[in-house]
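I opened this notebook page to record what I looked up in the model, beginning with the overall fold and ending with a single residue.

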Amino acid sequence: MEQLDRLIRFPRSFKDQIEVAIKQCEGVNQFNSWLKRFNQLTNGIANKSVTYRQVQDHVFELKVMCFLLNTKEGVKITYEPKGIDPKGKDCDLLAETKSCNYLIELKCTHPEMRNTKIPHEYITKNNKLYMNGGNYHLYQSARGHLMDVTRHTEEKIANYGDGYKTVLATIDGFHLDIEDLRDFVFIYRLHAHRPDDPLGKMTIHNLKEPYKQTIDEFWALPFHQNRFDFKADRKPTIVAPLKSGDVPLV
């Protein structure tokens, strides 16, 4: 594929997997929209107007579509399904199965490294952060990004009405692992923070208003960065406020 040839930094094995995945997803409704955006992004790589992270985020959507096709028997997937208002905001995927219809928003986290002073006065009581300012910025930025995308996801969900199991799916990886996501899910469900969440106090402080709690499930998907399979020591999981409530996706 011409588009894959433009991605000179991607390993050949990864590009081969992308090509196979594209063929697997040919039956996805409105998949041409994904292909069109993929072509735009790879063109942007060629003229340096697009970053590889943007391409990785787009390929994450492809990974999730393949995951659903491989694990949900008879699933019917629509890419960027239209909501009640055709001009409104669209979620990324609709996955229709025999048991329920999943409305899924997909988000990745890629904070930039920057040295930031740790505001110790906003760190949750009886917690200490043993890290430098650069690592703190990555940690705090991932939480701030999660706060923002959760609000945006709720806005998108509002354009669809009832009858869906709503999902916000993220990568369980370097910048946002499952335990950091769990700390946020606790805040989302209870509008309170765990006592062992260092950023809990700050998160509550920064919330302008409580969430509407229209997201039914938060998925942590531990994909390898340059592969379509999951890391051997992690499993795709529906994340609960407490680990005992987690549910495996497969």
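The entries below run from the whole chain to its cores and then to one loop position.

**Entry 1. Fold.** I note at the outset that this is a predicted model. I counted the secondary structure of the protein chain and found 7 helices and 7 strands. I then read their order along the sequence, which is α-α-α-α-β-β-β-α-β-α-α-β-β-β. I looked up the radius of gyration next: it is 19 Å, close to the 18 Å that the globule rule gives for 250 residues, so the chain is as compact as a globular protein of that length. Along the principal axes, the C-alpha atoms occupy a box of roughly 55 × 40 × 40 Å.

**Entry 2. Burial and contacts.** How much of the protein chain is buried? I recorded 51% of the 250 residues as buried. I also took the contacts with a sequence separation of 6 or more, and 65% of them join residues 24 or more positions apart.

**Entry 3. Surface and charge.** The exposed area of the protein chain is about 13,100 Å², and 49% of it is supplied by carbon and sulfur atoms. I checked the charges as well: there are 36 positive and 33 negative ones, and their mean positions lie 3 Å apart.

**Entry 4. Nonpolar cores.** In soluble globular proteins, nonpolar side chains tend to be buried together. I therefore searched for such groups, and the largest nonpolar core has 43 residues. Within this core, I18, L62, M65, I104 and W219 have the most contacts. The elements that contribute two or more residues include the helices α2 (12–24), α3 (31–47) and α4 (52–71). Strands are also on that list, among them β1 (76–79), β3 (101–107) and β5 (217–221). The largest share, 10 residues, comes from α4. I noted a second, separate core of 21 residues, which includes L146, L168, I178 and L207.

**Entry 5. L62.** Which residues is L62 in contact with, leaving aside neighbours within four places in sequence? I listed I18, A21, I22 and C25, together with F31, W34 and F228.

**Entry 6. T109.** I located T109 in the loop between β3 and α5 (133–157). Is T109 buried or exposed? Its relative accessibility is 15%, and the cut-off for buried is under 20%, so T109 counts as buried. Not counting residues up to four places away in sequence, T109 touches A142, H145, H175 and L176.

Key. Residues numbered from 1 in each chain as written. Predicted model: local features only at pLDDT ≥ 70, side-chain atom pairs only at ≥ 80, totals over all residues. Heavy atoms only, no water. Helix = DSSP H or I, 4+ residues; strand = E, 2+ residues; numbered from the N terminus. Rg over C-alpha atoms; globule rule 2.2 N^0.38 Å. Buried < 20%, exposed > 50% of the residue type's maximum accessible area, 1.4 Å probe, protein only. Contact = heavy atoms within 4.5 Å. Areas by Shrake-Rupley, 256 points an atom, 1.4 Å probe, with all protein chains shown as cover. Lys, Arg positive; Asp, Glu negative; His and termini not counted. Charge placed at Lys NZ, Arg CZ, Asp CG, Glu CD. Core = buried A, V, L, I, M, F, W, Y, C linked by side-chain atoms within 4.5 Å.
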